[in-house]
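Dear colleague,

I am handing over the structure we spoke about, together with some notes on what was found in it. Please look through the model first and then read on.

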Amino acid sequence: MNYNAAPEVLGKSVGQVTPGYMSGFGNSFETEALPGALPMGRNSPQRCAYGLYAEQLSGSPFTAPRGSNERSWLYRIRPSVRHSGRFAKADAGLWRTAPCHEHELPIAQLRWDPAPIPHADMTFLQGVQTMTTAGDANTQAGMAAHVYLITKSMVDQHFYNADGEMMFVPQQGSLKFVTEFGRIEAEPGEIVVIPRGVKFRVEIQGAPARGYICENYGGAFTLPERGPIGANCLANARDFLTPVAAYEDKDTPTELFVKWGGQLWMTKLPHSPIDVVAWHGNYAPYKYDLRTFSPVGAIGFDHPDPSIFTVLTSPSETAGTANIDFVIFPERWAVAENTFRPPWYHMNIMSEFMGLIYGVYDAKPQGFTPGGISLHNMMLPHGPDRQAFDHASNSELKPVKLTGTMAFMFETRYPQRVTEFAAKSATLQDDYADCWKGLEKRFDPNKP
Ligand code: FE2
C-alpha cells in the first residue's frame with residue numbers, strides 16, 4: 001500500500017489499518033507531509049517543491065542485486081551535508097563494538113537478572129549497556145547485544161548509527177522514535193528496526209523504559225524463506241509498519257551523535273535534522289508486533305528446530321548460515337504426542353543470546369525472569385533445567401496452551417564475546433549452571 005497524503009488525511013483513508021503507518025515489508029513506499037512535496041515521475045527535479053533539497057540514502061551498494069538493493073530518496077529542508085560540522089569524540093559510556101576482547105570469562109553458560117532501572121536521568125544515548133559483541137563491525141559482519149535503560153527523553157539531541165542497523169526489543173515501558181522518515185511508537189511485544197544511517201531520537205512515554213537491542217553489523221534484516229511452509233504464516237509482510245512522513249522545521253541548537261567505527265562522535269547543528277518533508281523508497285525504519293507472528297509447529301510428534309520461529313534473518317555470505325536470526329517463542333499450543341515437549345538438550349555452532357519480554361519460558365520456569373538474559377555460546381551444551389525436565393517427562397500430554405509468554409533469541413554464527421561490564425555486573429548469576437545439577441543418572445540396564 002502506498003499513500004500520498006498528509007498523516008491527518010491518512011487516518012481517515014479507506015483501508016488504513018494503523019493511522020500514521022504504511023503496511024508491508026521492503027515495499028517501495030512513498031509518503032509526503034505536504035501536498036506535492038514528493039516529485040512525481042523523477043527523483044531529482046531541477047527544483048524541488050517548497051524549496052526542498054533532494055537526497056538519496058543508500059543502505060546497499062548501488063550495484064546490489066534487486067532483491068537486496070535498498071535506497072530511499074528524501075526531500076528535506078536542508079541536505080544532510082549541512083549537518084556534519086566538525087565532529088568531536090563523545091563518551092560512548094558502556095556501548096562496545098566488535099571486535100571487543102576486553103574481558104576473558106571462563107567459558108560457561110551464563111545468565112543475568114534484569115538490569116535495575118536507575119533513578120538518575122538517563123537518555124537512550126547514556127543508557128546502552130553492551131552485553132556481548134560478535135564478529136567485526138569493520139568487516140560488516142556480526143552483531144552486538146545490548147540492554148537499554150531510559151528514564152529521560154532525548155531533547156535537541158539526535159543520533160545515527162553507521163556501524164549497523166538497530167533492532168529495539170522493548171521489555172518495559174513504551175518508546176517513541178522520532179525519525180527522519182516519520183514517527184514510530186512501540187510498546188513491549190513490538191520491535192522497531194532503524195536502518196544504518198537513519199537519524200532519530202528516542203523519547204519515553206511517561207514511565208522509564210528497559211529493553212534489548214540487537215545491533216546488526218551485517219546484511220539487513222529480511223524475512224526468512226518459508227520453504228515448504230508456503231506463502232503464509234510466520235511473520236507476514238503486511239504486519240510490518242513503516243511511518244508516514246513527518247517533519248520538524250525547528251531552528252534550535254541540536255547535538256547530532258554518530259556511532260562510527262566503534263566510537264561515538266558528536267557535532268552541533270543550529271536546527272533539527274528531522275526535516276524530511278517527503279520521501280520514497282524501500283530503505284526506511286519499521287515496526288512489527290510480535291503477537292501477529294503465526295507460529296508453525298509439530299502437530300504429530302517431535303519438534304521442528306527453533307528456526308521455525310524465525311521472525312527476521314540477517315544473511316551472511318554462506319547460504320543458510322545466518323549472521324543473525326531473530327527468533328521468538330510466542331504464545332502457542334503444544335500438542336505433540338509421545339514427545340518431550342520443551343526444547344531438547346543440545347550443543348550447536350550458533351551462539352544464542354536470549355531475553356524474556358514477558359511471561360515464563362517453558363525450558364526455564366525459574367531464574368529466567370522478564371528483562372533477564374541467558375547466553376548459550378557456540379558449542380556449549382544447554383537445555384531444560386531439572387524442574388522443566390521432570391514436569392515435561394511426567395505430565396499428561398493433552399493439548400496445552402503456552403499463554404502470556406514472549407521470549408526471543410538473537411542467534412548468530414559468530415561466537416559472542418562478553419563485555420567487561422557484563423562479566424562484572426552484579427546481575428550475573430553465579431549459580432546458573434546449578435539448574436542442571438539435579439539431572440542425575442537415571443540409567444538402569446534392567447529397566448528397558
Ligand atoms: Fe539452544
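Donors here are N, O and S atoms within 2.8 Å of the metal, and water is not among the atoms, so sites may look incomplete. With that in mind, and bearing in mind that this is a predicted model, the donors of the iron ion follow the spacing H-x5-E-x29-H along the chain. They are His346 through NE2, Glu352 through two OE entries, and His382 through NE2, at 2.1 to 2.3 Å from the iron ion. The two histidines bring together distant parts of the chain, 36 residues apart, since His346 sits in the loop between β23 (332-334) and β24 (351-358), while His382 sits in the loop between β25 (373-376) and α2 (386-394). The arrangement of the four donor atoms is irregular because the angles they subtend around the iron ion run from 59 to 168 degrees. His382 counts as buried, with a relative accessibility of 7%.

Turning to the packing, the largest nonpolar core has 50 residues, and Met167, Val169, Leu312, Phe326 and Phe410 have the most contacts inside it. Both domain 1 (2-290) and domain 2 (293-427) contribute residues to this core, so it lies between them. A second core, separate from that one, has 40 residues, among them Trp95, Met166, Val192 and Leu264.

One further residue deserves a note: Thr267, which belongs to strand β18 (residues 263-269), is buried at a relative accessible area of 2%, and its side chain reaches the backbone oxygen of Arg86 at 3.4 Å.

With best wishes

Methods:
Residues numbered from 1 in each chain as written. Predicted model: local features only at pLDDT ≥ 70, side-chain atom pairs only at ≥ 80, totals over all residues. Heavy atoms only, no water. Core = buried A, V, L, I, M, F, W, Y, C linked by side-chain atoms within 4.5 Å. Buried < 20%, exposed > 50% of the residue type's maximum accessible area, 1.4 Å probe, protein only. Domains from an automatic or database assignment. Helix = DSSP H or I, 4+ residues; strand = E, 2+ residues; numbered from the N terminus. Polar contact = N/O pair within 3.5 Å; in protein donor to acceptor, adjacent residues only side chain to side chain. Donors = N, O, S within 2.8 Å, 3.2 Å for Na, K, Ca; no water. Tetrahedral: all angles 85-135°; square planar, octahedral: opposite > 155°, others 65-115°.
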